[in-house]
Protein chains: 2
Amino acid sequence: MTLTIKEIAKLAGVSKSTVSRVINDSEHVSDRARKKVKEVIQETGYVPNSLAKNLKRNKTDTIGVVLPKINTSTFSSAVEGISNIMYQKGYNLLLTNTKLNIKDEITYLKLLKEKRVRGIIFFATEITEEHIEVLKKIEIPVIIVGQDSSELLDYPCLIQDDFNAAASIVDYLVNAGHKKIAYIGVKESDVAVGKLRKKAYLKVLAENKLEIKKSYLYQGDFSIQSGYRGMKNILEKAEETPTAVFAVTDRLALGAIKFLKDKGFQVPADISVVGIGNSDISPWVVPEITTINYDHLKTGERAAEILLDCLDGGIHKTKEVMDYQIIERNSVRKI
Amino acid sequence: MTLTIKEIAKLAGVSKSTVSRVINDSEHVSDRARKKVKEVIQETGYVPNSLAKNLKRNKTDTIGVVLPKINTSTFSSAVEGISNIMYQKGYNLLLTNTKLNIKDEITYLKLLKEKRVRGIIFFATEITEEHIEVLKKIEIPVIIVGQDSSELLDYPCLIQDDFNAAASIVDYLVNAGHKKIAYIGVKESDVAVGKLRKKAYLKVLAENKLEIKKSYLYQGDFSIQSGYRGMKNILEKAEETPTAVFAVTDRLALGAIKFLKDKGFQVPADISVVGIGNSDISPWVVPEITTINYDHLKTGERAAEILLDCLDGGIHKTKEVMDYQIIERNSVRKI
DNA sequence: TTTATTTTTGGAACCGTTACCATAATAAAA
DNA sequence: TTTTATTATGGTAACGGTTCCAAAAATAAA
């Protein structure tokens, strides 16, 4: 049977109030009483019930996190970052994993409200009308991460500079002398990864007066496999073999490289490949993948910080853009 | 301002009790009352306070998860597995990330008790006296994952078959004709990964009357980098170059392969490398890494299931061993 | 219609804390 | 010593739900 404050009070020969004061390190407790109470707590192993406490105080120290998928390095690193900051500030994390299921997101948002979490970190892939509706009346501080919500919602958002990052790396290919650049991407309803990165690709090609061939374009999902298939597809369709491939994630790039090697192509001698995301394995494969580095851990940390500011009544609406760097390795040949 | 059940009652012209019955789908509510209450809830967007509910009911639907690190595929996959099962059963996950800091584990265990979580899934790396003490008096169902606690604690535990798995893959090397097999491992205080896998390596070598050279043994940490350094170290020290390397994780194997390639060795033509863990990238690098597959997602799911059984008053103490398979790819040369 | 039975309701106690207020004890000042 | 200020303490009312019980209303049986 779990002990309550009342029983501790009785054992220590004081009132509930005094025990409560000791637990919360309040003043106005005599040394004698404090010592006695601490002894009893130690002996009995009493642990206060935070449900009661939070109910009374009308707030919790829990932060809700809504994630589309947990077992990818992007998100798990971000969660690591969030937990770094939040635990240090005395908050803990209630995790919800939507498995890329939009409908679940709505459910989980409601669940977090039930739990009266102090704030919510929402990793968005898409923002639908329904999201907007639910988020608008949630009455809990929220920060949106990963998609630009600044025109839709009055919450702060934190995004990667997807457009410029993608433009930079495609630019890098062009500057290396490549003119036939293929594209392996994902569905455009994912604005950040699918739409913006593709848009940047198209823009850079157009700016440099390079032809945009339909056969150079492949749209898959987020799996490594999809990169493999994408590369296969492009090579089969294209009448002219591209000299470079822009994959919108490192995992897609890895899949593409694998296909090329399987078919006897040299990377980068025959075909260059770049990705985005700087996955932790990218420096360790051959060739080491040239990519864009986003610091997901830092993104998580920053998201946590912004949310904390909101809780302190600071920031209300901002749009913050995380920076990026090109990581030049050796999956690109200079022509 | 957040609404309470009282206000909903007033708006619907009924008592708190009736509103409560409607929320919980109890019987004994007239259709008229039920309809009215539902309307008001819909209009106002009322969401009940689960703190109050759980306090009264004296139980929560939250499962605590204690993790040593979240951003590695082992753990994030396991969490994915846990969440698959738990959400389906109406539980949610409170995540604590100890960042391999043993002291934090104790703190978090107490925190979870404060939160009155329904059960705890504890991913152990080491089990110290202090762990045992805290776990013994926690009064919450716990399942230990990853380390064999069956002789120390009265909780169920779920482990990988580390010894046999490692023995199998070293056996595989021996059967392929290798006689000079190096070892890249981690600290032995990690019983499962550090101690058992090394023990298996030593045993298989001994059984086959192969010499165990000190220069063939390297102990690092869990980073890819460590595999790289380990390989370097072994090659520098050993008077005779090994023909095969057993790395205790795929990440270590990846690092080792990278070093070999950097130095102009062919893998597997010159030196074979195997790992354990079947990381998601292992099939996609060149050479594809021969390894042992543990299904971490399934491990997470199974851990969740066992815990659920405990909650239902079923299982109390078991020791369950997850199985494994050798995944034969092409990082090993048959001599 | 009256009585018995069932269904629907509201009232109140309770879950384990905190926080306010009044009182008691102690220390300081007169 | 008495008065005043200060500190320590206990009692009690919340917090927002659930749940039991008794009363009221509706329905069925006599």
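In this predicted model, a side-chain N or O atom of B:Arg21 lies 2.7 Å from a base oxygen of DNA strand C. The model is a prediction, in which local features need pLDDT of at least 70, side-chain atom pairs count only at pLDDT 80 or more, and totals for chains, interfaces and linings use all residues. Residues are numbered from 1 along each chain as its sequence is written, chains are lettered from A and ligands numbered from 1 in the order in which they are written, and side-chain values use heavy atoms, with hydrogens and water left out.

**DNA strand C**

A residue is near the strand if one of its heavy atoms lies within 4 Å of it. There are 24 residues around DNA strand C, and A:Ile5, A:Ser20, B:Ser15, B:Arg21 and B:Ser30 come nearest. Of the strand atoms that come within 4 Å of the protein, 57% belong to sugar and phosphate.

The table lists polar contacts, meaning pairs of N or O atoms within 3.5 Å; within protein, one must be able to donate a hydrogen and the other to accept it, and residues adjacent in sequence count only if both atoms are side-chain atoms.

| Residue and part | Atom of DNA strand C | Distance |
|---|---|---|
| A:Ile5, backbone | phosphate oxygen | 2.7 Å |
| A:Asn49, backbone | phosphate oxygen | 3.0 Å |
| B:Arg21, side chain | base oxygen | 2.7 Å |

Helices (H or I, at least four residues) and strands (E, at least two) are DSSP runs, numbered from the N terminus. Helix 2 (16–23) and helix 4 (50–57) of chain A, and helix 2 (16–23) and helix 4 (50–57) of chain B, each give at least two residues to the surface near DNA strand C.

**Chain B against chain A**

Counting heavy atoms within 4.5 Å as contact, 57 residues of chain B touch 59 residues of chain A. The buried area, which is the accessible area (1.4 Å probe) that two parts lose on being put together, summed over both, is about 5200 Å², with 57% from carbon and sulfur atoms. On the chain B side, B:Leu51, B:Arg116 and B:Trp284 lose the most area, together 15% of what that side buries.

Six salt bridges cross the interface, each a side-chain nitrogen of Lys or Arg within 4 Å of a carboxyl oxygen of Asp or Glu. One of them joins B:Asp61 and A:Lys115 at 2.7 Å, N to O. The interface also has 26 residue pairs in polar contact, both residues at pLDDT 80 or more.

Strand 2 (residues 92–97) of chain A and strand 2 of chain B run antiparallel, joined by three bridges; strands pair if DSSP finds at least two bridges between them. Here A:Leu95 has B:Leu93 as its bridge partner.
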